[in-house]
Amino acid sequence: MKLSQFRFKLPEEQVALYPPHRTFKDENGEIERVFSRDQSRLMVVHRKRQEIEMYKKDADGNDTDQFMTFRDLVNYFDEGDTFIFNDTKVFPARLYGTKEKTDAKIEVFLLRELNEELRLWDVLVEPARKIRIGNKLFFEEDGPMVAEVIDNTTSRGRTLRFLYDCEHEEFKRELFALGEAPLPRYIVDRRPADADDMENFQTIFARNEGAVTAPATGLHFSRELLKMMEIRGFNFAYLTVHCGLGCFDAIEVEDLTKHKMGSEQVIISDDCCRLVNETKEQGRRVCAVGVSTARATESSVGTDGMLKPFDGWTNKFIFPPYDFGLSNALIANFYHPESTMMMLTAAFGGYDLVYEAYEQAVDKGYMFGCYGDGLLILDD
């Protein structure tokens with residue numbers, strides 16, 4: 001397929017800058033927000049029946065004028081069905097420092113730690129033209145956190161050595177205390193990250209630290225919703241995909257077969273495989289929660305349709321047409337035009353039907369992006 005086939009006009013006001021919330025003014029007249037993870041809208045696509053649902057039903061099964069919310073997804077699954085979640089944990093990857101001598105403000109985005117003992121980190125810097133090998137960056141006006149640039153890796157990439165003498169755990173604690181939630185650029189260009197974002201931009205089941213962006217679909221799940229799902233007898237399987245920034249890279253080729261995805265680390269345990277495979281053998285539904293989960297499972301599914309343990313990296317790029325070997329349900333968000341996430345979603349639900357769902361989402365005012373609304377695709 002071609003890149004231009006995933007182009008559509010997304011109104012700026014339909015890019016979600018915050019999770020679902022209610023606002024009110026406190027006693028000082030300041031705006032306060034009360035967030036509700038599971039109160040985003042939910043659209044449901046039935047790929048075999050070629051149907052799209054948006055509205056709640058009345059007692060007779062007819063559409064009402066109320067949009068479905070994310071909690072309504074429980075009505076589409078049965079006891080014994082299994083949901084596969086990505087339990088990666090986001091760390092506060094975006095820091096701001098100043099360059100020695102000039103005091104120029106520099107954004108430093110932490111990607112991964114390269115060497116614990118030497119305090120080496122792979123980072124992105126902005127503006128990159130101001131940062132050269134040998135420069136020092138200070139992260140507190142009078143504090144001890146200082147870093148030296150020791151290598152250029154890409155046009156924006158640098159290797160930093162942090163000059164901080166202490167135990168490694170203390171160093172990471174102090175470093176992360178200086179950071180903020182690594183919200184996507186399309187949010188931070190329109191409003192700064194705040195104290196709520198470090199909680200909001202983290203799934204409630206996050207366990208394994210290593211992601212520099214959140215597995216966005218998992219953000220919809222509240223403790224109350226998970227308890228409701230547990231009571232209904234749904235199963236929860238967990239794998240780990242340390243989500244990177246590759247999903248946000250602009251695709252610069254019209255022919256999608258020529259695009260190269262960035263690699264992400266994937267860990268799929270024996271326990272995860274056992275639960276998922278038992279569900280498939282019983283003829284139950286297996287639902288991938290998010291495109292990162294779907295990409296991981298498609299990187300490790302066998303020719304027999306069963307999930308295999310995996311510990312490594314994947315750069316699998318999925319776009320239509322593609323036959324999924326494992327899941328028969330997918331939950332996703334509504335994503336930006338020409339994004340790899342939209343392409344995987346279209347591959348799962350079928351290009352024409354998913355594109356129609358996106359057109360209706362724009363027309364009906366659904367919200368897009370990591371804090372946006374949800375889309376459930378079923379194989380029925």
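E338 is partly exposed, with a relative accessible area of 23% (buried means under 20%, exposed over 50%, partly exposed in between; 1.4 Å probe, protein chains only). This residue sits in the loop between β20 and α7, where helices (H or I, at least four residues) and strands (E, at least two) are DSSP runs numbered from the N terminus. The model is a predicted one, so local features need pLDDT of at least 70 and side-chain atom pairs count only at pLDDT 80 or more, while totals for chains, interfaces and linings use all residues. Residues are numbered from 1 along each chain as its sequence is written, and side-chain values use heavy atoms, with hydrogens and water left out.

Back to the backbone. Most residues other than glycine have a negative phi, and most peptide bonds are trans. E338 goes the other way, with a positive phi of about 60° although it is not a glycine. D103 also has a positive phi, near 60°, and lies in the loop between β9 (94–99) and β10 (105–115). With 58% relative accessibility, D103 counts as exposed. As for peptide bonds, the one from E126 to P127 is cis, with omega near 0°, and P127 falls in the loop between β11 (120–126) and β12 (136–138). Another cis bond joins P320 and P321, this time with omega at about -10°; P321 is in the loop between β19 (310–314) and β20.

On to the charges. Side chains of opposite charge can pair when their charged atoms come close. A search of the whole structure turns up 26 salt bridges, each being a side-chain nitrogen of Lys or Arg within 4 Å of a carboxyl oxygen of Asp or Glu. In one of them R190 meets E12 at 3.8 Å, N to O. That pair links distant parts of the chain, 178 residues apart: R190 is in the loop between α2 (185–188) and α3, and E12 in the segment before β1 (21–25). R190 counts as partly exposed at 35% relative accessibility, whereas E12, at 54%, counts as exposed.

E126, already met at the cis bond to P127, also takes part in a salt bridge with R156, the closest N and O atoms being 3.2 Å apart. R156 lies in the loop between β13 (146–152) and β14 (157–162) and E126 in strand β11, so the pair ties together parts that are 30 residues apart in sequence. Both ends are partly exposed: R156 at 33% relative accessibility and E126 at 35%. R185 and D189 make a salt bridge too, with 3.2 Å between the closest N and O atoms; R185 is partly exposed at 35%, while D189 is exposed at 54%. There is also a network of salt bridges linking R49, E51, R285 and D380.

The aromatic rings come next. A pair of aromatic rings is described by the distance of the centres and the angle of the planes. The count comes to 31 aromatic pairs, where rings of Phe, Tyr and Trp (its six-membered ring) pair if their centres lie within 6.5 Å, with planes under 30 degrees apart taken as stacked, over 60 as edge-to-face and the rest as tilted. Among these pairs, F205 and Y238 are tilted, at 6.0 Å centre to centre and 55° between the planes. F205 lies in the loop between α3 (197–200) and β15 (208–211) and Y238 in strand β16 (residues 235–242), so the pair ties together parts that are 33 residues apart in sequence. F205 is buried at 7% relative accessibility, and Y238 is partly exposed at 22%. F334 and Y358 form an edge-to-face pair, 5.3 Å centre to centre with 65° between the planes. Here the link spans 24 residues, from F334 in the loop between β20 (329–333) and α7 (340–349) to Y358 in helix α8 (residues 351–363). Both rings are buried, F334 at 0% and Y358 at 1%. F205 and Y238 also belong to an aromatic cluster whose members include F70, F77, F221 and F236.

Two C-alpha separations round things off. C273, in helix α5 (residues 270–281), is buried at 4% relative accessible area, and its C-alpha is 7.9 Å from that of M306, 33 residues apart along the chain. E264, in strand β17 (residues 264–268), is buried at 5%; E264 and R295 are 31 residues apart in sequence and 10.0 Å apart in space, C-alpha to C-alpha.
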